[in-house]
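Q: I should like to learn how to read a protein model together with its ligand. Could we begin with the ligand and then move outward to the fold?

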Amino acid sequence: MLPFTRPTLDAEEFEAIKEVLQSGWLATGPKVAAFEAALADYIGGDVQLRVFNSGTSALEAVLLAYGIGPGDEVIVPAMSFVASANVIVRCGATPKFVDVDLVSRNIDAAAVEAAITPNTKAVIPVHFAGRAVDMDAIYQLAELHNLLVLEDAAQAIGTQYQGRRIGSAGNPVCFSFHPNKNMTTIEGGALVISDPVLLKKIEAIRFHGIERDEQGGMDVTAWGGKMNMPDVGAALGLVQLKKLDGFNLKRRALARRYLQQLPKHDALVLPADVEGHSWHMFCILLDWEKIGLSRNQALEALKQQAIAAGIHYPAMHLFSLYRQYGYKPGDFPNAERIGEQTLTLPLFPGMEGKDVDRVCSAVISLLNGSY
Ligand SMILES: *Cc1c(COP(=O)(O)O)cnc(C)c1O
């Protein structure tokens, strides 16, 4: 069975983890410090970087540190993994969904602008599947309306925007190292930021609210959680980070092979190859009505050919939790169409060209009704 993704691990990763297990220190320690330094160096731009036990924790910590809470509205795309919206609820604030572009799956400044109210405090652009959001226009808008911009780059480690790595510009940006992402620490995440005052708050939120003075004395002045990364994860991350650019090059080559082989067809919408894309996923849209097949039937037909496609994602505003905020079908036509028509084709560095060829034949037979 060809899965839609699989982490790329070899003896070097196993050895790195074994070394930590044998060291007697498994929790946050020297490997975390080394991983934070290496990641900051990789991102560039002189930013401060801290790692977390998940990408979700990193997003939460930023919103909490900024004091986003009840009465505040936070703009977020209706098409993302549900963590992007859940962190807003976690802070007691209100998610304000906006629609996305059908091809890029990303939000744009016009959609954000239309959703701004006097209560809007922040916007969370999501770099969907590793494709950078057009950030310039969003930053201009945010400055005009005094909004926090928190980039959800969970799917975009290694993505470039205008020739710079996502995360290098100084605003808060969060990454995830879940095993499905472009590199992994098992569970884990990271945050980059340049504001030293907020960084101090975020560090306290990450670990029990603990603040240390020069003498090592400890005080707690505000609530903090438990969001730190263990050294085992960081040791894995140090090895994966060295390989990340190679992984992403391989992803790009595989994505290009898909784009070359999949046909132009009026029931098929393909993603676009743009500069700096890190190809976290290769998501297509299939018009089930036009091809006379339900998605479940298509998934089953692919499974018969030993191909496990994925679904990323159902539109978030239609989940029961978010319907409680008054959202309903018809609110965001593109996000809903993506939610219904999307299929994630296998894409990971361990794949070969012939795997892509096999998946393309299977998709073509779905389009032709000859599965
Ligand atoms: C994976 C993901 C997250 C959450 O990251 P975790 O490390 O799993 O907590 C958040 N947002 C998006 C868009 C993601 O894909």
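A: We may begin with the residues around the ligand, keeping in mind that this is a predicted model. There are 16 residues around the ligand, and G55, T56, D152, S176 and K181 come nearest.

Q: Which polar atoms of G55, T56 and D152 lie close to atoms of the ligand, and at what distances?
A: A polar contact is read as a pair of N or O atoms within 3.5 Å. For G55, a polar backbone atom is 2.8 Å from an oxygen atom of the ligand. T56 contributes a polar side-chain atom, 2.5 Å from an oxygen atom of the ligand. D152 also contributes a polar side-chain atom, in this case 2.8 Å from a nitrogen atom of the ligand. As for cover, the ligand on its own has 380 Å² of accessible area, and the protein covers 93% of this.

Q: What classes of residue make up the shell around the ligand, and which helices supply at least two residues of that shell?
A: The shell contains nine polar, five nonpolar and two charged residues. Two helices, α3 (55–65) and α4 (83–90), each supply at least two of the shell residues.

Q: How many residues of α3 are buried?
A: A residue counts as buried when its relative accessible area is under 20%. In α3, nine of the 11 residues are buried, so the helix is largely enclosed by the rest of the structure. Among these buried residues are G55, S57, E60 and L63.

Q: Which residue caps the N-terminal end of α3, and which residue with positive phi follows the helix?
A: The cap is S54, with a side-chain oxygen 3.3 Å from the backbone nitrogen of T56. After α3 comes G67, with a positive phi near 75 degrees.

Q: How is the order of strands in an open sheet to be read, taking the sheet of four strands as the example?
A: One lists the strands as neighbours across the sheet and then looks at the ends of the list. Here the order is β3-β2-β4-β5, and the pairing is parallel. The edges are β3 (94–98) and β5 (148–149); each has a single partner strand, so one side of each is left without a neighbour in the sheet. Further in, β2 (residues 73–77) and β4 (residues 120–123) run parallel and are joined by three bridges. As an example of register, E73 has T120 in β4 as its bridge partner.

Q: Which sheet has antiparallel pairing, and which strands form its edges?
A: An open sheet of three strands, in the order β13-β14-β15, is paired in the antiparallel sense. Its edge strands are β13 and β15 (342–345), each of which pairs on one side only. Four bridges connect β14 with β15, and F282 stands opposite L345 in β15.

Q: With which strand does β1 pair, and how many of the residues of β1 are buried?
A: β1 pairs with β10 (residues 189–193) in the antiparallel sense, over five bridges. Within this pair, R50 has L191 in β10 as its bridge partner. Strand β1 (residues 48–52) is mostly covered, with four of its five residues buried.

Q: Where do residues other than glycine take a positive phi, and are these residues buried or exposed?
A: Such residues are found by reading the backbone torsions one by one and then placing each residue in the fold. R105 has a phi near 65 degrees and sits in the loop between β3 and α5 (109–115). Its relative accessibility is 3%, so R105 counts as buried. W279 has a positive phi of about 45 degrees and lies in the loop between β13 (268–269) and β14 (282–286). With 0% relative accessibility, W279 also counts as buried.

Q: Which peptide bond is cis, and where in the fold is Y313 found?
A: The bond from H312 to Y313 is cis, with omega near 5 degrees. Y313 belongs to the loop between α10 (295–304) and α11 (320–323).

Q: How does the radius of gyration of the protein chain relate to that of a compact globule?
A: One sets the value for the chain beside the value expected from its length. A compact globule of 371 residues would have a radius of gyration near 21 Å, and the protein chain, at 21 Å, agrees with this. Along the principal axes, its C-alpha atoms fill a box of roughly 75 × 55 × 35 Å. Of the 371 residues, 56% count as buried, and the secondary structure comprises 13 helices and 15 strands.

Conventions:
Residues are numbered from 1 along each chain as its sequence is written. This is a predicted model: local features need pLDDT of at least 70, side-chain atom pairs count only at pLDDT 80 or more; totals for chains, interfaces and linings use all residues. Side-chain values use heavy atoms; hydrogens and water are left out. A residue is near a molecule or strand if one of its heavy atoms lies within 4 Å of it. A polar contact is a pair of N or O atoms within 3.5 Å; within protein, one must be able to donate a hydrogen and the other to accept it, and residues adjacent in sequence count only if both atoms are side-chain atoms. Accessible areas come from the Shrake-Rupley method with a 1.4 Å probe; for residues, only the protein chains shown count as cover. Ala, Val, Leu, Ile, Met, Phe, Trp, Tyr, Cys and Pro count as nonpolar, Asp, Glu, Lys and Arg as charged, and the others, Gly among them, as polar. Two strands pair if DSSP finds at least two bridges between them. The radius of gyration is taken over C-alpha atoms; the globule rule is 2.2 Å times the number of residues to the power 0.38. Buried means under 20% relative accessible area, exposed over 50%, partly exposed in between (1.4 Å probe, protein chains only).
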